[in-house]
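Some labels in a structural description rest on cut-offs. The exchange below sets values against those cut-offs.

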Amino acid sequence: MAAKNIDQKLVPPSKTGYPRLKMELRPLLMWFALCVVYATSKPTEKKDRVHHDPQLSDKEHDDTENFDYDHDAFLGQEEAKTFDQLTPEESKERLGMIVDKIDADKDGYVTEEELKAWIKKAQKKYIYDNVDRQWKDFDMNNDGVISWEEYKNVTYGTYLDDPDPDDGFNYKQMMSRDERRFKMADRDGDLIASKEEFTAFLHPEEYDYMKDIVVLETMEDIDKNGDGFIDLEEYIGDMYNHEGDPQEPEWVKTEREQFVEFRDKNKDGKMDKEETMDWILPSDYDHAEAEAKHLVYESDADKDGRLTKEEIVNKYDLFVGSQATDFGEALVRHDEF
């Protein structure tokens, strides 16, 4: 199967009447498609399985100049732009409504942990938007949840009726892997996913309780001899296709050294589950935690380690923009010019 055909529909329309979705809408089919891409990509192209938290903003964090970084971090870059069109009074009013959402336990205070959780959520808005786009395709009875049966029927339909499909896909194996992940995401075990559980299913790398399934699926992809570990050749083989390239690029040699010196921590020649997790889900610097601490420090007037709505609104220009802050920054830029 050529890589260029990956986004095409896989089979004729379903006999069940369920809409046929493109592969990009299916987590497991996407995994299989990636395997195809890996197998057909150029030998010198490096493939990266490591998941890193993105930066909170592409702007410099310098509060002596402006609070643009803080606005992006607190609201997300797209939402931050909308505040620049508001008057200070409108910005304060909207900020007050946001504070009510951040205060998860409704005790009248915003803690560092609540602020950190909000920042992480704001930064992952694109993920929630992606889930919202797919939700209506899977929630067939419009009851506000997605059952495993709904997901299975929409995703696989009559594919499973053909014991020997001519496209080469093992749909039963793929469905089994999807079901395992669905059950992991389904925290209450009722085989019905809420919006948050379905988000964890589609984007498991974003949830701490789903990390084990991310590691397990990665190991299954790479572990070609089925011994439950990733050895050096499997590690390199997943990133690099020797075909048509007699001499290894320098980055491949570097990866071999990385495996020996850093990935294989116990020096037994292979990576186990814990070593694989350290590789693909590294403990990065927590930008959201650092920003939450910064916002609390700058806004906590009575220094009790938590914020009231009044304290946050009093420092509204640190959290959100407005026409006033946008105009002020324009004046600064004009003076510098």
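The questions that follow concern a predicted model.

Q: Why is histidine 71 called buried?
A: Buried means under 20% relative accessible area. Histidine 71 has 5%, so the residue is called buried.

Q: What makes the approach of the histidine 71 side chain to the backbone oxygen of valine 320 a polar contact?
A: The side chain of histidine 71 reaches that oxygen at 3.1 Å. A polar contact requires a pair of N or O atoms within 3.5 Å, one able to donate a hydrogen and the other to accept it. The distance of 3.1 Å therefore meets the cut-off.

Q: Which residues does histidine 71 touch, not counting those up to four places away in sequence?
A: Histidine 71, found in helix α2 (residues 68–75), touches Gly76, Ala80, Asp317, Leu318, Phe319, Val320 and Gly321. Touching here means heavy atoms within 4.5 Å.

Q: Why is tyrosine 297 called exposed?
A: Exposed means over 50% relative accessible area. Tyrosine 297 has 59%, so the residue is called exposed. Tyrosine 297 is found in helix α14 (residues 287–299).

Q: How far apart are the C-alpha atoms of tyrosine 297 and glutamate 112?
A: They are separated by 9.7 Å, while the two residues are 185 residues apart along the chain.

Q: How do you know that residues 287–322 carry an EF-hand label, and what is the helix and strand content there?
A: The label "domain: EF-hand" comes from an unreviewed UniProt entry, which places the feature at several spans, including 90–125 and 287–322. Residues 287–322 are 64% helix and 0% strand, with end C-alpha atoms 24 Å apart. For residues 90–125 the content is 72% helix and 0% strand, and the end C-alpha atoms lie 23 Å apart.

Terms used
Residues numbered from 1 in each chain as written. Predicted model: local features only at pLDDT ≥ 70, side-chain atom pairs only at ≥ 80, totals over all residues. Heavy atoms only, no water. Helix = DSSP H or I, 4+ residues; strand = E, 2+ residues; numbered from the N terminus. Buried < 20%, exposed > 50% of the residue type's maximum accessible area, 1.4 Å probe, protein only. UniProt positions renumbered as here; feature names shortened; annotations may be inferred.
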